[in-house]
Amino acid sequence: MAINWYPGHMHKAQREIRKILGEIDLFIEVLDARIPYSSENPMIANIRGDKPCIKILNKSDLADPQITADWLAHFKQTKNTDAIAVTAKTPSTLKDIIALCKSMAPNRGEPGKPVRALIAGIPNVGKSTTINILANRIIAKTGNEPAVTKAQQRINIGDGVILYDTPGMLWPKVENENSGYRLAITGAIKETAFDLDDIATYALDYLMQAYPEQLKARYQLEALAENGYETLELIGKKRGCLRAGGRVEMNKAAKIVLTELRDMQIEAISMETPEMCIAEQDEVEARLAEKAQKQAERKKKFKQKRNG
Ligand code: G4P
């Protein structure tokens, strides 16, 4: 599934971050706890080098607590990285971020030497909500459509921490097709016209193996069908999404499933685990390496031909 990709925005964000890199003590990357891998921005890992990073798994109220715990353990094993699960529904959980900032930058955090943390996140992960809670005031606009490129802001949140809000847009993982689906399922990408049946089918294929009992309970199904598409058909029948002649209106059924998933009508669920994503990342890297090798070979052949 293709994601709209605006390299112009991305380059601007990258340039702006590089300009202030020397002033930054650490990075805070806000992620969606349901999709911590797919909501990462690959550029952050490249730019930050060895600088400490705090991964904030926000919206943890929507995610599966067991899988969130697995993600926290996974991130904590990564060099110079710590992680914390928070939810804007319980603002006090966010205040722990301040203590974490100070522990990751032990030479700072005193009067006159605040910790300078660059806060980043792809659209809709809850970065603005997080900033507002940390600052105890409305600094950033929330719930807006993505694509607002604003000037970089410094926000003194008190307690010896200054947040540098990332300028420009940061985009999610785009090389991995699975990430595209998961971003669409969780509502992170909403402005593009997607094929809803396709996305709901992907979601159901996953839920059928990860959360079969919750799925059956939600849609009062005695058994699940063979695959996601057929389960979507069963759900459509149950919910009366029928055309004349009794055919299931798949688009309507898909809308129901996706809306209910986002509205938490199907318990707290996570769409990816660390194991799944490690395997996917290996595949992506192998594919990119193969592509680069083919390109290099083509170039070599072209040069040989040209030189006779
Ligand atoms: P962004 O700056 O990263 O783009 O995200 P923003 O804070 O604008 O939040 C995006 C949406 O996610 C908002 O909902 C916000 O209320 C919601 N949100 C943020 N943090 C949490 C959380 O911890 N849990 C849950 N369940 N939701 C969270 P919206 O429907 O787009 O707007 P609105 O209803 O807040 O107006």
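This briefing describes the sheet of the structure and the helices that pack in it. The model is predicted. Its six-stranded sheet is open and combines its strands by mixed pairing. Helices H3 and H4 lie across strands of this sheet, and helices H9 and H10 make a contact with each other.

**Sheet**
- The strand order is S3-S2-S1-S4-S6-S5.
- Strand S3 (81-85) and strand S5 (153-156) are the edge strands; each has a single partner strand, so one side of each is left without a neighbour in the sheet.
- From one strand to the next, the twist averages 25°.
- Strand S2 (residues 53-58) is joined to S3 in the parallel sense, over five bridges.
- Cys53 has Thr81 of S3 as its bridge partner.

**Helices across the sheet**
- Helix H3 (residues 65-76) lies across strand S1 (26-32), S2 and S3, and runs at about 165° to S3.
- Helix H4 (residues 92-104) lies across S1, S2, S3, strand S4 (115-120) and strand S6 (161-165), with an angle of about 170° to S3.

**Contact of H9 with H10**
- The axes of helix H9 (residues 228-238) and helix H10 (residues 250-262) come within 9 Å and cross at roughly 90°.
- Angles of 65 to 115 degrees count as roughly perpendicular, and H9 and H10 are therefore roughly perpendicular to each other.
- H9 contributes Tyr229, Leu232, Glu233, Ile235 and Gly236 to the contact, while H10 contributes Met250, Ala253, Ala254 and Val257.
- By class, seven residues of this contact are nonpolar, one is polar and one is charged.

Note on methods
Residues numbered from 1 in each chain as written. Predicted model: local features only at pLDDT ≥ 70, side-chain atom pairs only at ≥ 80, totals over all residues. Heavy atoms only, no water. Pairing = 2+ DSSP bridges. Helix = DSSP H or I, 4+ residues; strand = E, 2+ residues; numbered from the N terminus. Axes fitted to C-alpha atoms, helices over the stretch in contact; angles between N-to-C directions. Contact = heavy atoms within 4.5 Å. Parallel < 35°, antiparallel > 145°, perpendicular 65-115°, else oblique. Nonpolar A, V, L, I, M, F, W, Y, C, P; charged D, E, K, R; others polar.
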